[in-house]
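Visitor: Hey, could you walk me through this one? I'm new to reading structures.
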Amino acid sequence: MKLGVRESIDKSIKLVVKTTGLLVIAILGGIFFMLLWNTIAFFLKIHPLDFITGTQWNPSGDPEVYGILPLLVSTCLVTLGAMVIAIPLGIGTAAYLSEYASMRVKSVLKPMIEMLAAVPSVAIGFLGIVVLGPGIADIIGLSNGLNAMNGAILLAVMALPTIITVTDDALHGVPGTYREASYGVGASKWQTLIKVTIPAAGPGIMAAVMLGVGRAIGETMTVLMATGNAAAFPKGFFHSVRTITATIAIEMGEVPYQTTHYYSLFAIAAVLFLITLGVNLTGEYFVNKFRKYHSA
Amino acid sequence: MTNKPIKLSGSSVNVWFGSKQVLKNINVEFPRNQVTALIGPSGCGKSTLLRSFNRMHDLSPDARIEGEFLLEQQNLYEKGLSVTEVRRRIGMVFQKANPFPKSIYENINYGLKINDVPKNERSEIIENALKESYIWDEVKDELQKPATRLSGGQQQRLCIARAVALRPEVILMDEPCSALDPLSTLKIEELIVKLKKDYTIVIVTHNMQQAQRIADKTVFMYLGEVIEAGDTHTIFHNPKNELTGNYVKGHFG
Ligand SMILES: Nc1ncnc2c1ncn2[C@@H]1O[C@H](COP(=O)(O)OP(=O)(O)O)[C@@H](O)[C@H]1O
Ligand SMILES: [Mg+2]
């Protein structure tokens, strides 16, 4: 009797787990198909080549123009700026944490970094509007600091916790015997870090960078608040830009249902999806490589 | 047996990790061009003693070291003496073969770069070091192969080559064969015996047969102290201390 009860519990739990698993797949598939479906609808009206090579995004103009380039370049500009700041800072901080910091410093710094990851993006965007933006405007002598640089710095701050944590893990994963071997032939701590530990952690650090890039590309609220949202073709770091994510967030609320404009937002979302997919796959590739290499 | 001059010595050595004293008033001497074995039950401080000589404890903040460490006349802890210099003169081979995840060639080249050996001399030094460590014939055609793909025994001989390439005067070995099969172990033992012509060797071993096969002198340690030191034959067949006798007969350990 008891055995029968246990078996039926077992069976029903298995069923529940299976259902939730299938549900997740169904939701993912649904999103993917909705994206694909609406993107196709868009491409029936606008030629894909015009879309990809168009240098103007002006859906409310006459005639309507749907060139993704200004948005794409904006996204790339902000992400690039963020990574130029966050990668050296992140790797440096992680190296300090794993190789130099005392237990005391670590026990303060690590929770602080984790807390940084918990700050909502609205709050960071707000800081960009009231503190960082005006600061940049003052230094450069602009009337308005809401530009690509502002967004890049904020995104760097947001990507830092990911980059630091994953790089720190990667450095910790490097066997201590490598460091000993390096010290054994007379290398200093610094030489060991640069020539042995960081190269050995290379794939893990690449994965950290990719995760950081993914975080920066997909971020919406902060860039929406901080970069000025000019749909014109970006002219540089100290000009207003408008990223793909911000464009979707701004325009989706107002666009009439099933118009070309409506479909176009799915098309740029699909492009964003492809980019983040590529970044994630690259990151995944490096994570696996790192694992394989350390289990060997 | 004629007595060779002392190459390396430690006197009144005390080492603490935090508040725990690991080495207690140790006095040891290692004669030049001889193999000296450090034996004793695990945890008695053999590795700690070995690593005091090439200053590997410098990087552990909770280690405290007292005593005089001499390489011939040179005080190894003298102010102003760089650890790079100490470690060039005193090489080390570790318990687990630890080649860098780099090519065979680069594994040896790394130490040469660190020690500022001129570029045009390096490839000859690398070849000689590999020959001296009896691994040249096995790897000469694939110097660019990752060192991690070599067998365990080959990796350990590569690590010996890495140490030898810097022309050290002393080579410290911490249980270099403990992870190897009997055949690889035998090869390393042969190598050690050949190396003593040019180097002074100190080797930690748990293998009593190995100590008797390769060591001229043996130091027996117990609970952080040196109990007895002398000719290997005497330590194994005619020990003065009862504890030594019990240990080498395998009554504890
Ligand atoms: N870095 C360290 N910090 C604290 N204690 C240590 C450290 N290294 C070794 N010890 C302790 O010192 C004692 C001697 O260790 P070790 O020299 O490794 O012994 P052996 O090599 O003879 O097995 C052990 O009790 C060990 O736990
Ligand atoms: Mg040991």
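Guide: Let's talk about the cavities in this structure.
Guide: This is a predicted model, where local features need pLDDT of at least 70, side-chain atom pairs count only at pLDDT 80 or more, and totals for chains, interfaces and linings use all residues. Residues are numbered from 1 along each chain as its sequence is written, chains are lettered from A and ligands numbered from 1 in the order in which they are written, and side-chain values use heavy atoms, leaving out hydrogens and water.

Visitor: OK, how many cavities of 30 Å³ or more are there?
Guide: There are two. A cavity is a set of points, on a 1 Å grid over the protein atoms alone, where a 1.4 Å probe fits but cannot get out; lining residues have an atom within 4 Å of a point. Points are joined across faces, edges and corners, and the volume is the space filled by probe spheres set on them.

Visitor: What's the volume of the largest cavity?
Guide: About 70 Å³. It has 13 lining residues, and among the closest to its centre are A:Gly184 and B:Met92.

Visitor: And what about the second largest, how much space lies in there?
Guide: About 30 Å³. Its lining includes A:Thr75, A:Leu155 and A:Glu219.

Visitor: Which helix gives the most to that lining?
Guide: α3(A), with three residues. Helices here are DSSP runs of H or I with at least four residues, strands are runs of E with at least two, and both are numbered from the N terminus.

Visitor: Back to B:Met92, what is its bridge partner in β7(B)?
Guide: B:Leu172. β6(B) and β7(B) pair in the parallel sense over four bridges, and pairing takes at least two bridges found by DSSP.

How values were computed:
On a 1 Å grid over the protein atoms alone, a cavity is a set of points where a 1.4 Å probe fits but cannot get out, and a pocket is an open set with protein on both sides within 12 Å along at least five of seven lines; lining residues have an atom within 4 Å of a point.
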